[in-house]
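Trainee: I would like to learn how to read single features in a model. Can we take them one at a time?

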Amino acid sequence: MELNQPEIKRISAEWVVRIIFIAVAVVMIFPLIWNLYSSFKSNTEFLENAYSLPSQLRWDNYHRALIKSRLLDNILNSVYTVVISLAVLFVFAVPTSYCLVRFKFRGSKLMMGVYVSAIFIQATYIMIPLFLQINRLGLLNNLSTLGVLYAVMQFPFSI
C-alpha cells in the first residue's frame with residue numbers, strides 16, 4: 001500500500017506533534033519525580049549531589065515534615081476555609097445568579113453589568129483597604145473571615 005504525498009505530510013505532522021507532547025510531558029514531570037526521590041535523601045546527600053538517587057529511603061523526612069511544619073493542621077485549616085467559602089457561595093451566589101438570569105426586573109441588566117465588570121477588578125487593587133477594614137473590625141487571624149473573604153472575592157465570577 002503506497003501513501004500519497006498529503007497522507008505522508010499528515011502522518012509526519014502527527015508524529016511531530018506527538019514528539020512535542022512527549023517532550024513537554026517529560027519537562028513537566030521531571031521536577032515532580034526529582035522532588036519525590038529527593039525527599040528520601042538526607043540533607044548531606046542532597047547537598048553533595050542533588051541529582052543522585054538516595055542511598056536509602058528515609059521515611060523520617062516525611063515524619064519531620066508533618067510534625068515540624070504542622071502540615072495536618074494546615075491541611076485542616078485549608079479544608080475549613082474552603083468549606084466556609086463554598087457554603088457562602090452556594091447560599092448567596094447560586095440564588096443571585098438564578099434570579100438575574102431567570103427573572104427580568106428593573107435594574108437587572110445594570111446589576112448583571114456591575115457583576116460582569118467586577119470580574120476585572122484585581123484583588124491587588126483592593127488589598128490594602130480591605131486589610132485596613134478587616135483590622136478595624138478585629139477580624140484578623142480568623143479562618144471564617146478568610147473563607148467569607150474568598151467567597152466574596154469570587155462572587156462576580158460565580159454569578
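Mentor: Start with N61, which sits in helix α3, residues 60-68. Keep in mind that this model is predicted.

Trainee: Is N61 buried or exposed?

Mentor: N61 is buried, because its relative accessible area is 15% and the cut-off for buried is under 20%.

Trainee: Which residues is N61 in contact with, leaving aside its neighbours within four places in sequence?

Mentor: With those neighbours set aside, N61 is in contact with S39, F40 and K41. Now look at the polar atoms. The N61 side chain reaches the backbone oxygen of S39 at 2.7 Å. A polar atom of that side chain also lies 2.7 Å from the backbone oxygen of K41.

Trainee: On to charges. What is the general idea?

Mentor: Side chains of opposite charge can pair when their charged atoms come close.

Trainee: How many salt bridges does a search of the whole structure find?

Mentor: The search finds four. One of them joins the side chains of R58 and E45, at 2.9 Å from N to O. R58 lies in the loop between α2 (43-48) and α3, while E45 lies in helix α2, so the pair ties together parts that are 13 residues apart in sequence. E45 counts as buried, because its relative accessibility is 17%.

Trainee: Where do R64 and D60 lie?

Mentor: Both lie in helix α3, four residues apart, which is about one turn of the helix. They form a salt bridge, with the closest N and O atoms 3.6 Å apart. R64 counts as partly exposed at 36% relative accessibility. D60 counts as partly exposed too, at 41%.

Trainee: And which residue does D73 meet in a salt bridge?

Mentor: D73 meets R70, side chain to side chain, at 3.1 Å from N to O. D73 is partly exposed at 35% relative accessibility. R70 is exposed, with a relative accessible area of 51%.

Trainee: Now the nonpolar side chains. What should I expect?

Mentor: In soluble globular proteins, nonpolar side chains tend to be buried together. Here, the largest nonpolar core has seven residues: V88, L89, A93, L100, A151, F155 and I159.

Trainee: Which elements give two or more residues to this core?

Mentor: They are α4 (71-102) and α7 (143-158). Helix α4 gives the most, with four residues.

Trainee: Take L100 from that core. What is L100 in contact with, leaving aside its neighbours within four places in sequence?

Mentor: L100 is in contact with F105, S108, M111, M112, Y115 and I159. I159 is itself one of the core residues.

Trainee: What about I84?

Mentor: I84 is in helix α4. I84 counts as partly exposed, at 21% relative accessibility. Residues up to four places away in sequence aside, I84 touches S144, G147 and V148. Compare its position with I67: the two are 17 residues apart along the chain, and their C-alpha atoms are separated by 26 Å.

Trainee: Which residues make the nonpolar surface patch?

Mentor: The patch is made by V16, V17, I20, F21, V24, M28, I29 and I33, and covers about 760 Å². Take V24 as a sample. V24 is in helix α1, residues 5-38. V24 is partly exposed, with a relative accessible area of 41%.

Trainee: So I should set V24, partly exposed, beside N61, buried.

Mentor: Yes. Read the accessibility, then list the contacts.

Notes
Residues are numbered from 1 along each chain as its sequence is written. This is a predicted model: local features need pLDDT of at least 70, side-chain atom pairs count only at pLDDT 80 or more; totals for chains, interfaces and linings use all residues. Side-chain values use heavy atoms; hydrogens and water are left out. Patches are made of residues with over 30% relative accessible area and no salt bridge: like charges are joined within 9 Å, nonpolar side chains (Val, Leu, Ile, Met, Phe, Trp, Tyr) within 5 Å. Accessible areas come from the Shrake-Rupley method with a 1.4 Å probe; for residues, only the protein chains shown count as cover. Buried means under 20% relative accessible area, exposed over 50%, partly exposed in between (1.4 Å probe, protein chains only). A polar contact is a pair of N or O atoms within 3.5 Å; within protein, one must be able to donate a hydrogen and the other to accept it, and residues adjacent in sequence count only if both atoms are side-chain atoms. Contact means heavy atoms within 4.5 Å. A nonpolar core is a set of buried Ala, Val, Leu, Ile, Met, Phe, Trp, Tyr and Cys residues joined through side-chain atoms within 4.5 Å.
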